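Visitor: I am new to this structure and would enjoy a close look at a single part of it. Please pick one strand and lead me outward from there, explaining the terms as you go.

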Amino acid sequence: MRHEEITVQDTIYADRFVMRPCRKSDAGLIAMYAADDRVARGTRAMPHPLPPGTVEAMIERASRPSRTEDVWVIDGSAHGHAEALGLISLERMDRDQSEVFFWIAPAFWNTGFATEALRKLIVADPHRSDRIFAEVFQDNPGSARVLTNCGFDYLGDAEAFSVARNATVPTWTYTMKMGQ
């Protein structure tokens with residue numbers, strides 16, 4: 001199935017949470033986490049301080065049938081955790097490739113939620129990707145461990161602009177060939 005043909009975003013089930021599409025009611029909790037400088041500095045696109053309406057606009061974009069990125073809320077509420085633990089997303093690229101992005105709220109760091117979410121996303125392979133890419137800032141070795149623990153291979157060094165830092169930051173780039 002081609003990327004252009006995938007419009008439904010399914011819920012993905014894990015042992016300790018579900019990964020579900022964003023809904024408007026998620027805005028407050030996501031904005032609270034996203035306003036944390038430690039979260040924003042770990043992303044390319046999240047501004048800090050977080051302007052009003054930023055999360056609502058992201059949720060609206062993630063709900064469009066014409067979206068190029070699927071965003072899942074990591075929802076632990078059915079398992080006694082917070083309704084939003086973080087976000088994981090998959091952006092469509094050309095040639096049946098995707099790029100994964102994720103962040104976990106600082107209160108839930110070092111709990112294995114990111115690794116579990118990424119592993120479930122890989123198994124579900126909702127974009128039917130041939131290859132998935134990821135990058136992390138070099139000052140974020142925890143996220144690099146998540147990628148290598150999930151089977152991603154180191155591809156090389158690069159750099160990316162971080163809106164929160166207002167700077168170009170060195171990155172490590174990773175890749176995974178799907179269906180291995």
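Guide: Let's start where Gln97 stands opposite Arg131 in β6. The strand to follow is β5, residues 97–104, and its partner β6 covers residues 131–137. These names come from DSSP runs numbered from the N terminus: helices are H or I runs of at least four residues, and strands are E runs of at least two. Please keep in mind that this is a predicted model, in which local features need pLDDT of at least 70 and side-chain atom pairs count only at pLDDT 80 or more, while totals for chains, interfaces and linings use all residues. Residues are numbered from 1 along each chain as its sequence is written, and side-chain values use heavy atoms, with hydrogens and water left out.

β5 and β6 run parallel and are joined by three bridges. Two strands are said to pair if DSSP finds at least two bridges between them. With β4 (86–92), β5 pairs in the antiparallel sense, over seven bridges. One place to see this is Arg92, which stands opposite Ser98 in β5. The two strands make a hairpin with four residues in between, and in that turn Arg95 has a positive phi of about 55°.

Stepping back, β5 belongs to an open sheet of eight strands with mixed pairing, in the order β1-β2-β3-β4-β5-β6-β8-β7. At the edges are β1 (12–13) and β7, each pairing on one side only. β7 is joined to β8 by nine bridges, and these two strands run antiparallel. Along them, Asp153 has Thr175 in β8 as its bridge partner.

How covered is β5 itself? Seven of its eight residues are buried, a word used here for under 20% relative accessible area (exposed is over 50%, partly exposed is in between, with a 1.4 Å probe and protein chains only). Trp103 is one to look for: its relative accessible area is 10%, so it is buried.

Trp103 also has a ring partner. Across the whole structure, a search finds five aromatic pairs. Rings of Phe, Tyr and Trp (its six-membered ring) pair if their centres lie within 6.5 Å, and planes under 30 degrees apart count as stacked, over 60 as edge-to-face and the rest as tilted. Tyr33 and Trp103 have ring centres 6.4 Å apart and planes at 80°, so they form an edge-to-face pair. This pair links distant parts of the chain, since Tyr33 is in helix α1 and Trp103 in β5, 70 residues apart. Tyr33 counts as buried because its relative accessibility is 10%. Ring pairs extend the group to a cluster of Phe17, Tyr33, Trp103, Phe108 and Phe113.

Phe113 takes us on to helix α4, where it is among the buried residues together with Ala114, Thr115, Glu116, Ala117, Leu118, Leu121 and Ile122. This helix has twelve residues (113–124) and, at 1.5 Å a residue, should span 16 Å; its end C-alpha atoms are 16 Å apart, which agrees. The expected span is 1.5 Å times one less than the number of residues. Just after the helix, Asp125 takes a positive phi of about 40°.

From Leu118 you can cross back to the sheet: its C-alpha lies 9.6 Å from that of Ser89, although the two are 29 residues apart in sequence. Ser89 lies in β4, and it counts as buried because its relative accessibility is 6%. Leaving aside residues up to four places away in sequence, Ser89 touches Glu69, Asp70, Val71, Trp72, Glu99, Val100 and Phe101; contact means heavy atoms within 4.5 Å.

β4 also meets helix α3 (residues 54–63), whose buried residues are Val55, Met58, Ile59 and Ala62. Seen down the axis of α3, these fall within an arc of 100°, so they line one face of the helix. The arc is that of the directions from the helix axis to the C-beta atoms. Besides β4, the buried residues of α3 pack against α1 (27–34) and β3 (69–75).
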